[in-house]
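Take a moment with the sequence and the model before reading on. The text below walks through the ligands and then through some helix pairs.

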Amino acid sequence: MAEVVTFAKEGSVGVITVNNPPVNALSQAVRAGIKAGIAKGMAEADVSAMVIICDGRTFIAGADIREFGKPPMEPHLPDVCQFIEDCPKPVVAAIHGTALGGGLEIPLSCHFRIAVATAKVGLPEVKLGLLPGAGGTQRLPRVAGVQAALEMITSGTPVAAAKAKAMGILDEIVDGDLKAAALAFARKAVDEKLPLRRVSRLAAKLDTPTVFEDFAKANARKFRGFLAPYKCIESVKNAAELPFAEGMKKEREIFLELQASDQSKAQRHVFFAEREVVRIPGLPDDQPTRAITSVGVLGAGTMGGGIAMCFANAGIPVKLLDVKQDFLDKGLAIIQKNYANTVAKGSLKQEVMDKRMSLIQPTLAYEDLKDVDLVIEAVFEDMAIKKEVFTKLDAVCKPGAILASNTSYLNIDDIAAITRRPQDVMGMHFFSPANVMRLLENVRGARTSPDVYATAMKIGKTIGKVPVLVGVCDGFVGNRMLAKRTRECGFMLEEGALPWQIDKVIYNFGFPMGPYQMGDMAGLDIGWRNRKAKFSTLSDREKKNTILDKICEMGHFGQKTGSGFYKYDEKRNATPDPMIEELIINHSKDVGITRRTITDQEIVERAIYSMINEGAKILEEGIAARPLDIDVVWLYGYGFPVYLGGPMFYADTIGLGKVYDAILKYRDLVGAEYWTPSPLLEKLAKAGKGFYSK
Ligand code: 3HC
Ligand code: NAI
């Protein structure tokens with residue numbers, strides 16, 4: 001038997017122990033080991049029952065995702081599960097940690113399941129673009145009912161032991177030593193001749209005949225664009241309608257189909273990318289970091305308030321500084337309201353809210369920041385003000401304190417240079433709303449010390465963010481790429497498209513909303529201010545593309561003023577505005593462009609490929625160390641569809657050759673100034689390679 005699984009006799013009970021760190025994933029050796037353990041227990045006369053248990057931090061966390069894409073090796077998991085279920089002697093699963101995916105399908109094939117109170121069980125395959133492929137869609141509805149199974153399988157969210165027991169998934173929750181309890185349970189099963197509960201022989205209970213349609217309809221928004229949830233529903237339906245063996249056969253077919261799909265490849269890429277992103281090339285795993293036990297936040301506005309909440313939520317005290325008591329009062333009132341809304345929804349206890357509020361201490365005095373370990377500045381986006389603020393921080397903060405800026409575009413190196421400690425200065429770019437959005441773009445300056453940015457990555461994780469390390473450039477990774485999309489969409493408006501056409505195409509591509517809906521929501525004045533600040537750096541064509549200026553000059557700033565690119569009713573429902581259509585058509589005339597039909601495909605290509613090309617330049621310049629850093633920025637900061645894996649992974653899926661050809665086509669159409677392929681992209685495309693297969 002392979003050493004990752006051991007078999008030991010404890011009296012008359014055979015104990016099969018899995019020990020495959022870090023998470024006991026079901027590699028081929030583990031599958032073979034479990035099967036061999038059951039076979040041994042069956043064969044030995046003095047073994048009357050068996051227990052499957054795991055060493056380490058968790059019960060089996062699922063199939064070994066790293067084996068996907070390789071030729072499948074026997075024994076296959078569904079066969080191992082069936083072998084367990086068919087065992088004539090009682091088999092008890094003893095669960096701690098997280099029993100996920102195949103790690104729950106094995107227990108569902110055991111005759112009994114017990115767990116410690118802190119355990120969780122779930123079928124998260126859908127998050128990898130899959131469905132449970134070892135009987136999960138067939139056995140769970142037979143144990144927990146169709147409705148509960150649909151919810152668990154299509155959400156992928158694990159449930160806690162108590163709930164799992166109430167759902168019928170667990171037989172018992174145990175206190176104290178799990179192994180001792182499992183042995184006792186196994187002996188009881190033998191002594192009391194408990195009937196072996198073979199789940200495949202039960203019927204899947206249907207609550208209402210229309211449950212499948214109703215469920216798909218109710219979740220249409222959540223499932224939009226994803227393949228796997230619909231396949232999960234189909235397979236659970238099979239459990240209710242077909243004999244077990246047929247349902248299993250179909251589940252296997254669907255599993256293999258999904259496993260080979262671009263969506264699942266993309267979602268598996270995302271799973272590993274979000275874990276890899278915190279490992280910084282060139283830094284050792286044991287890189288020292290600085291302790292962060294208190295934080296200062298400058299500016300109690302939109303971003304400062306949200307950032308203060310992030311730290312308070314993690315139990316870290318915050319000094320929140322602004323220039324006037326009024327601004328502090330206003331900022332704190334918004335924080336208070338945000339928390340109160342969460343309390344009202346029942347997702348936060350009043351006492352937890354009170355504790356968090358008490359951790360945020362308002363102040364007008366820089367002196368109060370003298371002891372904090374980290375300061376994040378979120379004052380107005382103006383270099384003169386930033387420099388003034390950093391000069392003050394440099395004077396007052398203790399040596400070793402990290403001084404970070406939340407700037408969206410400004411040069412971190414210029415800010416650092418104003419201080420006597422550039423090694424301690426960096427960017428920590430949160431996204432709005434800062435207490436909600438998961439992305440944190442950590443910007444390392446030319447002189448930022450490694451222990452400083454390593455600390456920013458670590459504290460980012462502590463406050464529940466997905467931190468990505470990037471370098472200094474205009475707009476960093478996210479906003480720099482976004483600017484290219486914005487520019488190209490602006491050109492397409494001039495050439496013949498309308499905002500609602502572009503929005504619809506981008507929405508259908510999988511983004512939560514289109515660029516003009518987004519602009520209206522964020523406030524068009526933000527983009528307008530930014531355009532004015534950058535005006536001298538714009539090309540002639542961009543300077544003359546005054547559509548945004550014209551809309552803003554009328555005081556139409558989007559949702560907050562009731563009109564922007566769209567018109568809004570009092571409930572903020574948007575409708576296309578004929579006045580804007582006329583304005584755009586007249587603008588085309590004014591700049592001498594004859595409008596033409598722009599196809600949806602052209603919109604996708606120009607909006608997305610312009611970003612991919614910029615992403616390639618970002619890689620070339622070393623602003624992002626790896627394509628996965630760019631993908632994670634777009635997935636977590638801008639709602640790039642997860643099932644496409646991020647812009648760089650998506651480019652590989654299309655094929656860089658095709659992207660390159662399209663870039664050349666738009667170079668001829670729009671101009672080399674905007675559409676010159678990045679040398680990296682060109683090189684990879686010509687070599688038939690991708691960003692991930694260099
Ligand atoms: N296969 C291979 N490696 C896995 C893995 C898996 N199923 N699950 C986790 N790992 C690896 C991670 O990549 C990471 O490796 P690294 O240290 O080299 O980066 C390491 O294990 C630790 O993982 P985390 O950093 O995520 O550790 P946490 O303690 O935060 O979380 C966990 C543990 C909750 C188990 C989390 O890792 C997780 O959710 N894993 C995925 C579970 C899953 O999706 N299971 C279903 C697999 S598909 C399946 O079972 C198909 C079947 O139906 C046929
Ligand atoms: P805001 O206008 O809502 O808040 C700025 C706050 O800073 C105000 O309360 C103001 O009184 C205060 N302030 C101004 N000068 C100050 C000083 N010298 N000392 C202390 N406080 C001062 O601005 P917002 O939107 O919160 O932006 C702040 C920073 O965050 C900017 O650099 C912006 O580019 C960046 N950012 C903004 C995002 C957004 O979506 N709003 C997203 C990501 C970054």
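What follows goes from ligand 1 to ligand 2, and then to the packing of helices. Keep in mind that this is a predicted model.

Start at ligand 1. Around this ligand stand 25 residues. Arg 57, Ala 63, Glu 105, Glu 125 and Arg 275 are the closest of them. By class, the shell holds 13 nonpolar residues, five polar ones and seven charged ones.

Now look at the polar contacts of ligand 1. Ala 61 uses its backbone: an N or O atom there lies 2.9 Å from a nitrogen atom of the ligand. Gly 102 also offers a backbone N or O atom, 2.9 Å from an oxygen atom of ligand 1. At Gly 133, a polar backbone atom is 3.0 Å from an oxygen atom of ligand 1. How much of ligand 1 does the protein cover? On its own, the ligand has 990 Å² of accessible area, and the protein covers 76% of it.

Which elements build this shell? Strand β5 (98–100), helix α3 (102–109) and helix α12 (262–276) each supply at least two residues. The most comes from α12, which gives three residues.

Move on to ligand 2. Its surroundings comprise 23 residues. Met 303, Asp 322, Glu 381, Lys 386 and Ser 408 come nearest. Sorted by class, twelve residues of this shell are nonpolar, eight are polar and three are charged.

The polar contacts of ligand 2 involve both backbone and side chains. Thr 302 has a polar backbone atom 2.9 Å from an oxygen atom of the ligand. For Asp 322, the side chain is the partner: an N or O atom there is 2.7 Å from an oxygen atom of ligand 2. Ser 408 places a polar side-chain atom 2.8 Å from an oxygen atom of ligand 2. Taken alone, ligand 2 exposes 830 Å², and the protein buries 81% of that.

Three elements give two or more residues to the shell around ligand 2: α13 (302–313), α16 (383–396) and β15 (425–430). Helix α16 has the largest share, with three residues.

Leave the ligands and turn to the helices. Take α4 (residues 136–144) and α10 (residues 228–241) as the opening pair. Their axes lie 8 Å apart, and the helices pack at an angle of about 60°. Why is this pair called oblique? An angle of about 60° is neither under 35 degrees nor over 145, and it falls outside the range of 65 to 115, so α4 is oblique to α10. The crossing of α4 past α10 is right-handed.

Further along the chain, look at α19 (residues 478–495) and α20 (residues 499–509). These helices pack with axes 10 Å apart, at about 135°. That angle makes α19 and α20 oblique to each other. Which hand does their crossing have, left or right? It is right-handed for α19 and α20.

End with α26 (residues 600–620) and α27 (residues 627–637). The axes of α26 and α27 come within 10 Å and cross at roughly 135°. Therefore α26 and α27 are oblique to each other. Here α26 passes α27 in a right-handed crossing.

Definitions and conventions:
Residues numbered from 1 in each chain as written. Chains lettered and ligands numbered in written order. Predicted model: local features only at pLDDT ≥ 70, side-chain atom pairs only at ≥ 80, totals over all residues. Heavy atoms only, no water. Near = heavy atom within 4 Å. Polar contact = N/O pair within 3.5 Å; in protein donor to acceptor, adjacent residues only side chain to side chain. Areas by Shrake-Rupley, 256 points an atom, 1.4 Å probe, with all protein chains shown as cover. Helix = DSSP H or I, 4+ residues; strand = E, 2+ residues; numbered from the N terminus. Nonpolar A, V, L, I, M, F, W, Y, C, P; charged D, E, K, R; others polar. Axes fitted to C-alpha atoms, helices over the stretch in contact; angles between N-to-C directions. Left-handed = near helix turned anticlockwise from the far one by under 90°.
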